[in-house]
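Biologist: Could you take me through the charged side chains in this one, slowly? I'd like a close look at who pairs with whom, and where those partners sit.

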Amino acid sequence: ISEIDCENSLITLVNTSPNESINCMWDMGDGNVLFGCDEVVYSYGQTGCFDISLTLTSTNNCVSTSTASDAICLQSSPIADFTVDPIVATTQDPTFEFTNESSGAVSYEWDFGDFSPYSDEVHPTHTYSSERDGFYDIRLVAFNSNGCPDTVIRRVEVREDLIFWVPNAFTPDKDQFNEVFKPVFTSGFDPFNYNLLIFNRWGEVVFESNNAQVGWDGTYGGNIVKDGVYVWKIQFKDKYTDEKHVHTGHVTLIR
């Protein structure tokens, strides 16, 4: 039995009595009793010092009791807690600031969930890779002066920035350069919720695509259209929020 331990620790009791017994009763000193002549495991639901008694009943009904005063003393654990700002960041600036709000603690261990080294700072700042979006579980373990721990886990998210650009001209003249018009998305959009429309000067739809990889080659109904300015309209949803985006503009077709 440990003399001093931490709150909610598992206590292992071992019967070392030399005599064989048919009944072993452990009085844990907190109003609870356990039965068993082999090892028993117990966890107190409170702090303080406790007397533990072992009562043995032999095969001929002889009873013997042994008591250890203050056999176990359990000390309060700290309370681990923290806040983080922001909760959601983007890959353009995936930096988070952590404010430690633990109580009763003197040292700390931070695990940022990205296989980076642990930090023992009180209020750390951490920057994640700009190459990866997703969720990260932050674990803070707080220790008091006796080494008793408490743990809290919170989650943050890194999202891709919504980045795209739309050319203002293209030249479908079969020279292998700038042959197709299409918006170029780098990140942050939902490719399964995408639509591109191209209109001529009379408002007729001359091209439509629901695939961001498929652009307009300057034809309509299998025929080459005239040089000039055409109106484009793209509709798509944000990868994370399902927010609908609608953008319009002009593109010049030059042969």
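Modeller: Let's start with the charges as two groups: there are 14 positive and 38 negative ones, and the mean positions of the two sets lie 24 Å apart. Keep in mind that this is a predicted model. Side chains of opposite charge can pair when their charged atoms come close. Here that gives eight salt bridges.

Take Asp81 and Arg154, whose side chains meet in a salt bridge with N and O 2.3 Å apart. Asp81 lies in the loop between β7 (63-75) and β8 (82-85), while Arg154 belongs to strand β14 (residues 149-159), so this pair ties together parts that are 73 residues apart in sequence. How covered are they? Asp81 has 23% relative accessibility, so we call it partly exposed. Arg154, at 33%, counts as partly exposed too.

Now scroll along to Asp111 and Arg139, another salt bridge, with the closest N and O atoms 3.8 Å apart. This pair also links distant parts of the chain: Asp111 is in strand β11 (residues 107-111) and Arg139 is in strand β13 (residues 134-143), 28 residues apart. Is Asp111 buried or exposed? Buried means under 20% relative accessible area, and Asp111 has 17%, so it counts as buried. Its partner Arg139 comes out at 28%, which means partly exposed.

Next, look at Asp227 and Arg255, a salt bridge whose closest N and O atoms are 3.8 Å apart. Asp227 sits in the loop between β21 (223-224) and β22 (228-238), and Arg255 is in the segment after β23 (244-253), so to speak a link between distant parts of the chain, 28 residues apart. Asp227 is partly exposed at 40% relative accessibility, and Arg255 is partly exposed at 35%. Going back to Asp111 and Arg139, there's a third member to add: salt bridges with shared partners join Glu109, Asp111 and Arg139 into one network.

Finally, zoom out to see what these pairs are set in. The protein has zero helices and 23 strands. Its C-alpha trace spans about 110 × 40 × 30 Å along the principal axes. The radius of gyration is 35 Å, whereas a compact globule of 255 residues would have one near 18 Å. Buried residues make up 38% of the 255. And of the contacts with a separation of 6 or more, 54% are between residues 24 or more positions apart.

Conventions
Residues are numbered from 1 along each chain as its sequence is written. This is a predicted model: local features need pLDDT of at least 70, side-chain atom pairs count only at pLDDT 80 or more; totals for chains, interfaces and linings use all residues. Side-chain values use heavy atoms; hydrogens and water are left out. Helices (H or I, at least four residues) and strands (E, at least two) are DSSP runs, numbered from the N terminus. The radius of gyration is taken over C-alpha atoms; the globule rule is 2.2 Å times the number of residues to the power 0.38. Buried means under 20% relative accessible area, exposed over 50%, partly exposed in between (1.4 Å probe, protein chains only). Contact means heavy atoms within 4.5 Å. Lys and Arg count as positive and Asp and Glu as negative; His and the chain ends are not counted. The place of a charge is taken as NZ of Lys, CZ of Arg, CG of Asp or CD of Glu. A salt bridge is a side-chain nitrogen of Lys or Arg within 4 Å of a carboxyl oxygen of Asp or Glu.
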